[in-house]
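User: I am new to this structure. Please take one part, the open sheet, and walk me through it closely.

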Amino acid sequence: MEHAEQIYQRLVEICGERNVLRDEPMKNHTLVRIGGKADFLVWPETYEQVIEVLRLKEEYGLPFTLLGNGSNVIIRDGGLRGIVMQLKHLNRIWREGNNVIAQSGADIKAVSRFALEQHLTGLEFACGIPGSVGGAIMMNAGAYGGEVKDVLDHVKVATLSGELKTLKNEELELGYRTSIISRTHDIVLEVVFALRPGDYAQIKAKMDDLTFQRESKQPLEYPSVGSVFKRPPGYFAGKLIQDSGLQGKGFGGAEVSTKHAGFIINKNNATAADYIATIEMVRKTVKEKFGVDLELEVKIIGEE
C-alpha cells in the first residue's frame, strides 16, 4: 500500500502504539475465529480519537471498516484493506435516572447485567446476545421476544466524515435485524436505553431462564457467528435446515451444528471459504426442498 509507513505513524500518533496493529489476522478478533489480515487495525480510546482516525481515512482516501466485537460477521480469507476500527476501549456503562447509558464498545450482555444490578427491567432479552452495543444498534438485535428498539431512547454517532450527531429511536428506522445505521455506516459512540424500575429477583429469574434456554439449545462449545439466517416469514430457519437433513454436513472445517441447525460451527480450523460454501449449500438445499429463500443475518465482508 502506498504511504503505508506514513499512515501507520499517523495512526500511532492518534491512538498510541499499543492500539495500532499492522497486517493483523482478523481470525484473532472474530468469534467464529475466521478471517484474513487487516492492513491496519486500530482501537481508539476516546471519541476524539475516533474522529481523528476518520479524518485520516478521508485524507488518504482509505477503505474503512467498523467492526463490533466480531460476533455477527464473516471476514473473507483475503482480509480487509485500509483501516479496520474496533471500539473495545469505549466500553463504559453508567446510570442516569432510569436510563442506562453505554458506550458502543461495551458488551450488550454486560449492559443487561448492569441493568439487573441497578434493579432496572427491559434488557433481560439481551442477556445472551454475543455482541457489542454498537453492533446491537446497527442490527436491532433481539432474542426471546425482545429487541433493541423496544428500549432504545437515542444514540450519539459520528458520521464517516467525522461529524457528531444525535439520532432518536424513531430516526433510526429500526426493523427486523436492520437500522438506518446499516445503510449510512455512521459510527455509534454512545447509546441511551430507557428502562423501568423492577424487582431484582424477577429480573434475575427471567435472565436465568433465558440463559438456560440458550445454553441448552445452542452449540456454544464451538466458535460460530451465532444465528446465520434471518427467520423467513412463516417458518423457522433452523427447522427448515434440520428437515433438509443437513445437520453434521459442511465443507472443510465448517459444519451445520447437530445441536441447533440454525448455527454453522467452526469445528476444525475452518476458512472463510469453507464457511461460505457451507452457507451456500444450506441455502441451495432449502430452496430446492421447500422453495424458501434463506436471507443472511450475518454480514460477509472482505476480499476473496
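Analyst: Here is the sheet, followed by the helices and the core around it.

This is a predicted model, where local features need pLDDT of at least 70, side-chain atom pairs count only at pLDDT 80 or more, and totals for chains, interfaces and linings use all residues. Residues are numbered from 1 along each chain as its sequence is written, and side-chain values use heavy atoms, with hydrogens and water left out.

Start with the setting. UniProt, in an unreviewed entry, lists residues 34-198 as "domain: FAD-binding PCMH-type". Its positions follow the numbering used here, feature names are shortened, and annotations may be inferred rather than shown by experiment. Over residues 34-198 the chain is 21% helix and 35% strand. Helices (H or I, at least four residues) and strands (E, at least two) are DSSP runs, numbered from the N terminus. The end C-alpha atoms of this stretch are 40 Å apart.

Now the sheet. It is open and has five strands, in the order 6-7-13-11-12. Their pairing is antiparallel; two strands pair if DSSP finds at least two bridges between them. Strand 6 (93-96) and strand 12 (164-168) stand at the edges. Each has a single partner strand, so one side of each is left without a neighbour in the sheet. From one strand to the next, the twist averages 20°. Axes are lines fitted to C-alpha atoms, for helices over the stretch in contact, and angles run from 0 to 180 degrees between N-to-C directions.

Look at one pair. Strand 7 (residues 99-103) joins strand 13 (residues 187-194) in the antiparallel sense over five bridges. Val100 has Phe193 of strand 13 as its bridge partner.

Two helices pack on the sheet. Helix 2 (residues 47-60) touches strand 7, strand 11 (152-158), strand 12 and strand 13. Contact means heavy atoms within 4.5 Å. The direction of helix 2 makes about 145° with that of strand 13. Helix 3 (residues 108-117) touches strand 6, strand 7 and strand 13. Its direction makes about 40° with that of strand 6.

Last, the core. A nonpolar core is a set of buried Ala, Val, Leu, Ile, Met, Phe, Trp, Tyr and Cys residues joined through side-chain atoms within 4.5 Å. Buried means under 20% relative accessible area (1.4 Å probe, protein chains only). The largest core has 30 residues, and Leu152 and Phe193 touch the most other members. Strand 7, strand 11 and strand 13 are among the elements that each supply at least two residues. Helix 3 gives the most, with four. Beyond its neighbours within four places in sequence, Leu152 contacts residues including Ile137, Val191 and Phe193.

Note on methods: Buried means under 20% relative accessible area, exposed over 50%, partly exposed in between (1.4 Å probe, protein chains only).
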